[in-house]
Amino acid sequence: MDLKTITYIVVGATFVLYIALAWIARAGSTGEFYVAGKGIHPIANGMATAADWMSAASFISMAGLIAFQGYDASAYVMGWTGGFVLLALLLAPYLRKFGKFTVPEFVGDRFYSQTARIVAVICLLVISITYVIGQMRGVGIAFSRFLEVPIHIGLLAGMVIVFFYAVLGGMKGITYTQIAQYVVMIFAYTVPAIFISLQLTGHFLPQTGLGGTLNDGSDQYLLHALDKVLVDLGFAAYSELKGSMLNMFLLAMALMIGTAGLPHVIVRFFTVPRVHDARRSAGWTLLFMAALYTTAPAVGAMAIYNLIKTVQPGEVGSAEGNLAMEDRPDWMRTWENTGLLKFEDKNNDGRIQYYNDRNPEFAAKAEEEFGWQGNEMTVDRDIMVLANPEIANLPNWVIALVAAGGIAAALSTAAGLLLAISSAISHDLLKGVFMPQISEKRELLAGRLAMVGAILLAGYFGLNPPGFAAEVVALAFGLAAASLFPTLMMGIFSKTINNKGAVAGMIAGLVTTLLYIFTYKGWFFIPGTNMLPDNPDGWIFGISPGSFGPIGALFNFVVAYVVSKATTPPPAHIQQMVEDVRIPRAY
Amino acid sequence: MQQTDNSREAYWKANLRLITFCLVIWFVVSFGFGILLAPVLNNISIGGYPLGFWFAQQGSIFTFVALIFYYAWRMNTIDRQFDVHEE
């Protein structure tokens with residue numbers, strides 16, 4: 001059977017599974033639609049949350065990011081996992097005890113202010129919509145690469161599937177499909193990783209393989225060999241810091257508090273039966289995530305090592321040291337067709353040279369001594385995961401599985417985001433602000449309609465991505481870190497922060513973060529309108545726009561505290577509410 | 001059944017102590033060992049891993065998982081001790 005047929009069968013089978021689960025778990029009430037009736041087992045919720053969190057970016061792009069940045073990319077690895085410690089210790093149990101349906105609802109009640117609730121809704125919508133566009137795009141790309149259909153067909157297929165289980169099943173349907181998606185995703189990620197680790201180092205576990213010795217008889221450690229070959233080619237060593245330490249520190253912090261402040265993740269902890277379950281469930285989530293996040297660094301290092309050794313099998317600078325153009329393996333030819341891998345024989349020697357031609361010293365030496373005229377290979381980082389099974393010569397069903405895994409990663413995150421968007425509209429805006437008298441049945445209908453609207457919007461932008469699509473991810477994390485996380489935390493850990501303080505704090509965090517991002521990325525991301533150049537020399541103290549979150553959060557905390565001090569303290573019943581949120585048992 | 005303010009306060013203090021303890025470890029393994037001290041720790045190796053690099057890409061994640069389970073387990077005990085547990 002050819003690859004395409006197998007891929008259709010595997011991806012088709014997963015879709016049938018998702019729809020069947022959604023039909024079994026369809027929602028009948030608003031409680032089931034928003035929070036799955038609060039009846040999800042903590043381990044099941046952990047698995048669903050892991051799938052919810054791990055997006056197309058985690059699945060497809062992260063290993064490639066690590067491959068090309070080496071140690072510096074650790075900020076992403078730690079940032080995207082460490083946030084769950086904050087979530088488990090500082091937010092999830094208390095918000096679960098509060099026992100309502102959405103994150104803005106807590107903000108509105110705790111700070112006894114519709115304004116606070118609306119500001120929280122705006123933050124939620126900006127964060128979730130920017131995020132979901134990327135996911136829908138991810139579905140389209142995964143389809144088009146593996147099934148060779150145009151992006152819009154793939155996107156449409158993804159929209160129909162999401163429509164089915166998210167609109168029908170709400171949180172309940174999403175939870176069960178996310179569990180299935182987690183299994184597909186983790187299997188698709190770890191199987192190729194295990195094979196590559198076995199081939200390269202003889203270790204079954206990629207986690208130990210990364211620290212192991214190479215299988216090629218040289219008895220060298222993989223990381224040492226990788227450091228050496230990179231340095232030989234004019235790059236910086238893989239395992240050492242290349243950028244600024246302060247920026248790496250702040251980036252990891254921004255991603256951690258951003259992660260803890262993302263509403264579609266927080267709301268998953270509303271679905272478990274008890275406060276104790278919310279604490280435990282976060283542990284399960286991270287355990288399930290760790291399976292992917294500790295494998296990714298191994299995939300990244302092994303993939304880049306394989307790639308370089310394929311192109312540069314011999315001594316650097318020796319006449320026969322580089323791969324001859326006509327000898328390149330089949331997988332390279334396959335991926336050239338997608339445009340993700342490109343060769344250009346600049347010095348017309350019929351061989352491929354991959355090296356750092358932006359290192360002036362090395363480039364000069366290479367030109368003088370080796371006759372190299374510039375780097376001849378450009379690689380899209382997504383290849384590191386997508387082409388892995390082919391590089392390792394794995395059977396076709398594994399390649400098909402990676403396709404299904406990529407689609408599962410994008411769909412599961414999209415569904416969680418769509419739910420956060422629709423519940424903010426139907427529950428916070430409609431029921432909470434504009435139509436308090438609305439019946440449960442009509443609210444449920446409104447939730448489903450809002451979901452349909454969100455799917456259409458995400459689909460539209462997925463098809464016509466705004467030029468700044470990649471830039472806005474920094475915005476989503478920055479906003480979550482600077483606006484929602486500090487506000488939620490103060491709502492629980494302080495009894496003195498009042499309505500005015502919270503609103504002023506949220507706006508301060510929001511505005512400072514936006515200003516910093518716009519300064520470097522252009523006003524509203526319009527190219528050319530940036531006030532300072534977006535590079536390490538232009539950044540204040542070397543802080544990149546994506547790392548600004550913690551500083552925005554600091555503004556939020558300080559402003560909220562100062563304004564609350566200067567105005568009337570919260571009324572007694574609000575202080576009582578904070579007391580109750582802190583105690584697991586209901587009185 | 002209304003609980004006395006004193007015991008509520010003691011419960012909250014016990015929780016804050018535990019949170020602080022866990023967050024110190026959280027900070028030390030990731031920002032400490034993984035970033036600030038990584039250049040120094042990289043002089044030590046476990047197998048082929050420079051130690052700082054290992055904390056940044058592996059060790060901190062394992063510690064995070066253990067921390068959350070530890071917190072959940074300890075809080076469960078504290079809940080019972082102060083008689084505020086569920087059911």
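**Figure 1. Surroundings of A:D428 in the predicted model.** Beyond the residues up to four places away in sequence, A:D428 touches A:T102, A:P104, A:E105, A:R117 and A:V121. The structure shown here and in the following views is a predicted model. A:D428 is placed in helix α19 of chain A. The residue is buried, since 24 other C-beta atoms lie within 10 Å of A:D428 and 20 or more are required for that class. A:V103 illustrates a contrast of sequence and space: 325 residues separate A:D428 from A:V103 along the chain, while their C-alpha atoms are 9.1 Å apart.

**Figure 2. Helix α19 of chain A.** The helix comprises residues 396-434, 39 residues in total. From the first C-alpha to the last, α19(A) reaches 54 Å, which is close to the 57 Å expected at 1.5 Å a residue. A kink of about 30 degrees is present in α19(A), with its centre on A:A424. Because 33 of its 39 residues are buried, α19(A) is largely enclosed by the rest of the structure. A:D428, the subject of the preceding view, belongs to this helix.

**Figure 3. Contact between chain A and chain B.** Chain A contributes 43 residues to the contact and chain B contributes 40 residues. On the side of chain A that touches chain B, at least two residues each come from α5 (74-98), α10 (222-232), α11 (245-260), α13 (275-293) and α24 (572-582) of chain A. The most is given by α13(A), with ten residues. By residue class, this side of chain A divides into 25 nonpolar, twelve polar and six charged residues. The model as a whole scores ipTM 0.95 and pTM 0.91.

**Figure 4. Helix α13 of chain A.** This helix has 19 residues, and the distance from its first C-alpha to its last is 27 Å, close to the 27 Å expected at 1.5 Å a residue. Of the 19 residues of α13(A), 17 are buried, so the helix is largely enclosed by the rest of the structure. Within chain A, confidence is highest in α13(A), at a mean pLDDT of 94, and lowest in helix α2 (residues 30-35), at 80. For chain A overall, the average pLDDT is 87, and 97% of the residues score at least 70. In chain B the mean pLDDT is 91, with 95% of its residues at 70 or more. Among the elements of chain B, helix α3 (residues 51-81) has the highest mean pLDDT, 95, and strand β1 (residues 45-46) the lowest, 90.

**Figure 5. Surroundings of A:V581.** A:V581 lies in helix α24 of chain A, one of the helices that supply at least two residues of the side of chain A that touches chain B. Apart from its neighbours within four places in sequence, A:V581 is in contact with A:Y94, A:K97, A:F98 and A:I492. The residue is classed as buried because the count of other C-beta atoms within 10 Å is 20, and 20 or more suffice for that class. A:P570 is eleven residues from A:V581 in sequence, and the two C-alpha atoms are 16 Å apart.

**Figure 6. Contact between domain 1 and domain 2 of chain A.** The domain assignment of chain A gives domain 1 as 3-302 + 391-465 and domain 2 as 312-383. The C-alpha centres of these two domains lie 35 Å apart. Each domain provides 13 residues to the contact. On the side of domain 1 that touches domain 2, α4 (56-69) and α10 of chain A are the elements giving two or more residues. Here α4(A) gives the most, with six residues. The residues of this side of domain 1 divide into eight nonpolar, three polar and two charged.

**Figure 7. Positive phi values at A:D219 and A:N348.** A:D219, although not a glycine, has a positive phi of about 60 degrees. This residue is found in the loop between α9 (206-209) and α10 of chain A. A:D219 counts as exposed because 8 C-beta neighbours lie inside 10 Å, and exposure is assigned at 12 or fewer. A:N348 is also a residue other than glycine with positive phi, near 50 degrees. The loop that holds A:N348 runs between β1 (341-343) and α16 (360-370) of chain A. With 7 other C-beta atoms within 10 Å, A:N348 is exposed.

Conventions. Residues are numbered from 1 along each chain as its sequence is written. Chains are lettered from A and ligands numbered from 1 in the order in which they are written. This is a predicted model: local features need pLDDT of at least 70, side-chain atom pairs count only at pLDDT 80 or more; totals for chains, interfaces and linings use all residues. Two residues are in contact if their C-beta atoms, placed from the backbone, lie within 7 Å. Helices (H or I, at least four residues) and strands (E, at least two) are DSSP runs, numbered from the N terminus. Ala, Val, Leu, Ile, Met, Phe, Trp, Tyr, Cys and Pro count as nonpolar, Asp, Glu, Lys and Arg as charged, and the others, Gly among them, as polar. The expected span of a helix is 1.5 Å times one less than its number of residues. The bend at a residue is the angle between axes fitted to the seven residues ending there and the seven starting there. Domain bounds come from an automatic or database domain assignment. pLDDT is the predictor's confidence in each residue, from 0 to 100.
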